Amino acid sequence: MKPLALVKCFTPDYFWVWYASGFDGQSTFYGLMIDHKPNHSALGYFSLSELKATCSPMGLPVERDIHFEPETFESLYAKHSQMRAV
C-alpha cells in the first residue's frame with residue numbers, strides 16, 4: 001500500500017505545500033514537504049509550531065486546504081513536478 005496524504009497545508013500566495021499522512025497527536029506530523037525550488041521536496045517530519053510560525057513572502061500564514069481529498073504521495077509529487085515543468 002502506498003503512503004496516503006490525508007491533510008494539505010499551504011501558503012496561499014507562494015509554492016510551499018505540506019502534505020501530512022501522520023500526526024503524533026501533540027505536535028509532530030509526518031509527510032511530504034514541497035518547496036518553491038524546482039524538484040525540491042522531502043519526506044520527513046515537521047511540527048505544528050513550524051507551520052504556525054511560517055509565513056509567505058507576502059506575510060500570509062499557512063492555511064489548511066479544507067477541500068483536499070486524500071491522495072498518494074507519489075501522485076502528488078508527480079503533479080507538482082508537472083506544474084513546475086510548465
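**Charges, rings and cysteines in a predicted model**

In this predicted model, Lys-8 sits over the face of Phe-10, 5.5 Å from the centre of the ring. Lys-8 also has a charged partner: a salt bridge joins Lys-8 to Asp-65, with 3.7 Å between the closest N and O atoms. This pair links distant parts of the chain, since Lys-8 belongs to strand 2 while Asp-65 is found in the loop between strand 6 (63–64) and strand 7 (71–72), 57 residues apart. Are these two residues buried or exposed? Both Lys-8 and Asp-65 turn out to be buried.

The Lys-8 pair is part of a short list, as the whole structure holds three salt bridges. Another of them brings together the side chains of Glu-74 and Lys-2, at 2.5 Å from N to O. Here Glu-74 is in helix 2 (residues 73–85) and Lys-2 in the segment before strand 1 (4–5), so this salt bridge ties together parts that are 72 residues apart in sequence. There is also a salt bridge between the side chains of Lys-79 and Glu-71, with an N to O distance of 2.7 Å. The two partners in this bridge fall into separate classes: Lys-79 counts as partly exposed because its relative accessibility is 42%, whereas Glu-71, at 18%, counts as buried, the cut-off for buried being under 20%.

Next come the aromatic rings. How many aromatic pairs does a search of the whole structure find? The search turns up six. One of these is formed by Tyr-14 and Phe-15, a tilted pair with 5.6 Å from centre to centre and 45° between the planes. Tyr-14 counts as partly exposed, with a relative accessibility of 28%, and Phe-15 counts as exposed, with 53%. Phe-23 and Phe-29 make a pair too: their ring centres are 4.5 Å apart and their planes meet at 35°, so this pair is tilted as well. Of these two residues, Phe-23 is partly exposed at 43% relative accessibility, while Phe-29 is buried at 13%. Rings can also join up into something beyond a pair, and ring pairs do link Tyr-14, Phe-15 and Trp-16 into a cluster.

Trp-16 shows up again around Thr-11. Thr-11 has its place in the loop between strand 2 (7–10) and strand 3 (17–23). With a relative accessibility of 2%, Thr-11 counts as buried. Which residues does Thr-11 touch, leaving aside its neighbours within four places in sequence? Its contacts are Trp-16, Trp-18, Ser-56 and Val-62.

Last, the cysteines. A disulfide is a covalent bond between the sulfur atoms of two cysteines. How many disulfides does a search of the whole structure find? The count is zero. Why does Cys-9 have no such bond? The closest cysteine sulfur to that of Cys-9 belongs to Cys-55 and is 14 Å away, which is too far for a bond; to count as a disulfide, the sulfur atoms would have to be within 2.5 Å. Seen from the other side, the sulfur of Cys-55 has the sulfur of Cys-9 as its closest cysteine sulfur, again at 14 Å and too far for a bond. As for their surroundings, Cys-9 is buried, with a relative accessible area of 12%, but Cys-55 counts as partly exposed, at 41% relative accessibility.

Technical notes:
Residues are numbered from 1 along each chain as its sequence is written. This is a predicted model: local features need pLDDT of at least 70, side-chain atom pairs count only at pLDDT 80 or more; totals for chains, interfaces and linings use all residues. Side-chain values use heavy atoms; hydrogens and water are left out. Buried means under 20% relative accessible area, exposed over 50%, partly exposed in between (1.4 Å probe, protein chains only). Helices (H or I, at least four residues) and strands (E, at least two) are DSSP runs, numbered from the N terminus. Contact means heavy atoms within 4.5 Å. A salt bridge is a side-chain nitrogen of Lys or Arg within 4 Å of a carboxyl oxygen of Asp or Glu. Rings of Phe, Tyr and Trp (its six-membered ring) pair if their centres lie within 6.5 Å; planes under 30 degrees apart count as stacked, over 60 as edge-to-face and the rest as tilted. A charge sits over a ring if NZ of Lys or CZ of Arg is within 6 Å of the ring centre and within 35 degrees of the ring normal.
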